[in-house]
Amino acid sequence: MLRALSGLTTRGRCLLAAGIAAAVCSFVLNERDLLRVAVFVVALPLLVAAFISATRLRIGAARTLRPQRVAVGGNGEVQLELWRSGRLPAGEILLEDGVPYALGSRPRFVVERLPHDRRVALRYPLQPVLRGVQQVGPLRATITDPFGLCEFERELIGHSRLVVVPRVVPLWGLPSGAGIGVGDDGTVRLHAGQGEADVIVRQYRHGDDLRKVHWRSTARRDEIMVRVEERPWRGGTTVLLDHRAAAHHGAGPAASLEWAVAFAASAALHLRRSGHRVRLVSEHGVTLADTPGDGGDHYDHVVLDALAALQPAHQRDITLAGDPAGGQELIAVLGTVSTEAVHELTQYRPRGIRSLAVLLDTPTWSAGVSAPEQRAAATEDSAALLRAAGWGVIVAGPGSPMPQVWAELCRSGARRGTLIGGPR
């Protein structure tokens with residue numbers, strides 16, 4: 001009874017108090033008709049409270065996320081089902097599902113009559129604007145009576161996990177010589193002789209130059225074979241993502257860190273789908289994801305899930321204990337880097353192995369930059385240090401289209417240090 005009374009609204013409590021006062025007055029004035037009215041007034045909120053309290057225990061719900069993995073800027077949907085057990089009718093039900101601000105507005109539904117013989121289906125959209133592992137819920141129901149005398153809250157469903165992965169932009173092309181050699185242009189000959197006694201062949205892959213088809217081996221094996229004139233590369237590509245909080249500017253979806261994460265995701269998936277083994281590492285050389293160059297969408301999810309859960313690091317500078325790429329080709333997506341950070345990145349890199357960098361002009365991501373030309377000059381200084389160490393560098397701003405940045409990176413051996421889409 002005490003639990004039922006706890007659900008009385010202000011109107012219900014006032015009505016109960018008025019009934020008790022009328023009962024007292026009926027005894028004082030010896031008015032039986034007033035006593036009848038008092039009994040009715042007291043009984044009404046008590047009966048309503050008992051009814052609503054019993055109703056809330058017979059309500060069930062289920063939640064389904066479609067899909068359970070959504071990209072930033074994509075569209076998702078939450079499907080709710082509401083039902084009640086038994087034949088006891090239910091009053092008005094107000095439903096409110098907990099949705100983080102990064103997924104959209106918080107939905108509210110009002111169900112006036114909940115049937116007992118079927119489920120009521122409800123749905124609402126999700127439009128994520130920020131990556132991360134988000135929690136949808138809890139789903140709370142507020143059950144009220146038509147008179148507004150009593151209401152009870154109940155948590156119908158707890159939290160559901162939704163993974164918001166980074167936005168992936170389609171890219172085209174590969175860095176010159178990527179994945180096939182270790183020289184400055186990516187190529188080192190396996191044989192210096194004029195004959196073909198020591199020729200090495202492999203199966204044809206999509207995109208191979210048809211001029212390299214080895215017809216003798218093709219006829220012998222009954223499948224297209226191409227000459228391998230370069231030393232096979234050790235292991236694939238390492239994508240290094242600088243996610244230090246101190247290296248990035250801006251907040252929310254427009255932060256430079258989010259641009260860097262989206263570019264790293266796009267590059268890693270593009271390379272993997274091109275047949276490369278891809279390692280994704282942090283600025284400290286910690287492996288975030290490691291995928292082979294073949295396989296299904298599962299390996300794409302490995303990369304995207306790792307980046308979805310990635311949080312800004314609190315270290316002030318880059319510290320490495322060795323080559324973060326382990327001798328592989330390296331593509332680094334960097335925020336603001338100091339001279340010491342450039343030294344850390346370059347001191348372990350073997351000469352002759354391709355090293356590429358997308359250097360973000362992070363001050364341009366901040367609102368109200370007082371002297372953007374000085375900040376851009378500092379970025380160019382860092383880029384010059386990387387180029388002097390043999391790196392191919394592209395400087396990107398907040399308006400830089402990722403496909404264009406990637407295209408320039410692929411041509412960075414011929415064109416160095418271009419600033420795309422941002423102030424110099």
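Which residues make up the covered face of strand β3, and which the uncovered one? In this predicted model, G76, V78, L80, L82 and R84 are on the covered face of β3 (residues 76-84), while E77, Q79, E81 and W83 are on the uncovered one. From that strand, the tour below moves on to the nonpolar cores, the aromatic pairs, some loops and a few backbone oddities.

**Around strand β3**

- Strand β1 (residues 59-66) runs antiparallel to β3, and eight bridges join the two.
- If you want a landmark for that pairing, look at I59, which stands opposite R84 in β3.
- β3 also pairs with β6, again antiparallel, this time through seven bridges.
- Here Q79 is a handy marker: its bridge partner in β6 is R123.
- W83, from the uncovered face of β3, has company: the charged end of R119 sits over its ring, 3.9 Å from the centre.

**The nonpolar cores**

- The largest nonpolar core has 39 residues, and the ones touching the most other members are L241, W259, F263, L307, V358 and W406.
- Helix α5 (residues 256-273) is the top contributor to this core, giving 12 residues.
- There's another core apart from this one, with 34 residues, including I93, L95, V99 and A141.
- As background, nonpolar side chains in soluble globular proteins tend to be buried together.
- Back in the largest core, L307 is one of the residues touching the most other members.
- Setting aside residues up to four places away in sequence, L307 touches R131, P166, L241, V261, A265 and L280.

**Aromatic pairs**

- Searching the whole structure turns up four aromatic pairs.
- One pair is F109 with Y124: the ring centres are 6.2 Å apart and the planes sit at 45 degrees, so this one counts as tilted.
- F109 belongs to strand β5 (residues 108-111) and Y124 to strand β6 (residues 120-126), so the pair ties together parts 15 residues apart in sequence.
- Both F109 and Y124 are buried.
- W259 and F263 make a stacked pair, because their planes are at 5 degrees, with the ring centres 5.4 Å apart.
- These two residues are four apart in helix α5, which puts about one helical turn between W259 and F263.
- W259 is buried, with a relative accessible area of 8%, and F263 is buried too, at 0%.
- Zoom out a bit and ring pairs link W259, F263, W365 and W406 into a cluster.

**Loop residues to look up**

- E112 is in the loop between β5 and β6, and it's exposed, with a relative accessible area of 57%.
- In sequence, E112 and E92 are 20 residues apart, but their C-alpha atoms are 4.4 Å apart in space.
- H243 is in the loop between β13 (237-241) and α5, yet it counts as buried, at 9% relative accessibility.
- Not counting neighbours within four places in sequence, H243 is in contact with H248, L257, S282, E283, L310, Q311, P312 and A313.

**Backbone oddities**

- For context, most residues other than glycine have a negative phi, and most peptide bonds are trans.
- The R66 to P67 peptide bond is cis, with omega near -10 degrees; P67 is in the loop between β1 and β2 (69-71).
- G137 and P138 are also joined by a cis peptide bond, with omega about 0 degrees; P138 is in the loop between β7 (132-136) and β8 (139-144).
- N30 isn't a glycine, but it has a positive phi of about 60 degrees.
- You'll find N30 in the loop between α2 (10-29) and α3 (32-56), where it's exposed, with a relative accessible area of 64%.
- D222 isn't a glycine either, and its phi is positive, near 60 degrees.
- D222 is in the loop between α4 (215-221) and β12 (225-227), and it counts as exposed, at 70% relative accessibility.

**What the record says**

- The unreviewed UniProt entry annotates residues 12-29 and 35-59 as "transmembrane region".
- In the model, residues 12-29 are 100% helix and 0% strand, and the end C-alpha atoms of that stretch are 25 Å apart.

Technical notes
Residues numbered from 1 in each chain as written. Predicted model: local features only at pLDDT ≥ 70, side-chain atom pairs only at ≥ 80, totals over all residues. Heavy atoms only, no water. Core = buried A, V, L, I, M, F, W, Y, C linked by side-chain atoms within 4.5 Å. Buried < 20%, exposed > 50% of the residue type's maximum accessible area, 1.4 Å probe, protein only. Contact = heavy atoms within 4.5 Å. Phe/Tyr/Trp six-rings, centres within 6.5 Å; stacked < 30°, edge-to-face > 60°. Lys NZ or Arg CZ within 6 Å of the ring centre and 35° of its normal. Pairing = 2+ DSSP bridges. UniProt positions renumbered as here; feature names shortened; annotations may be inferred.
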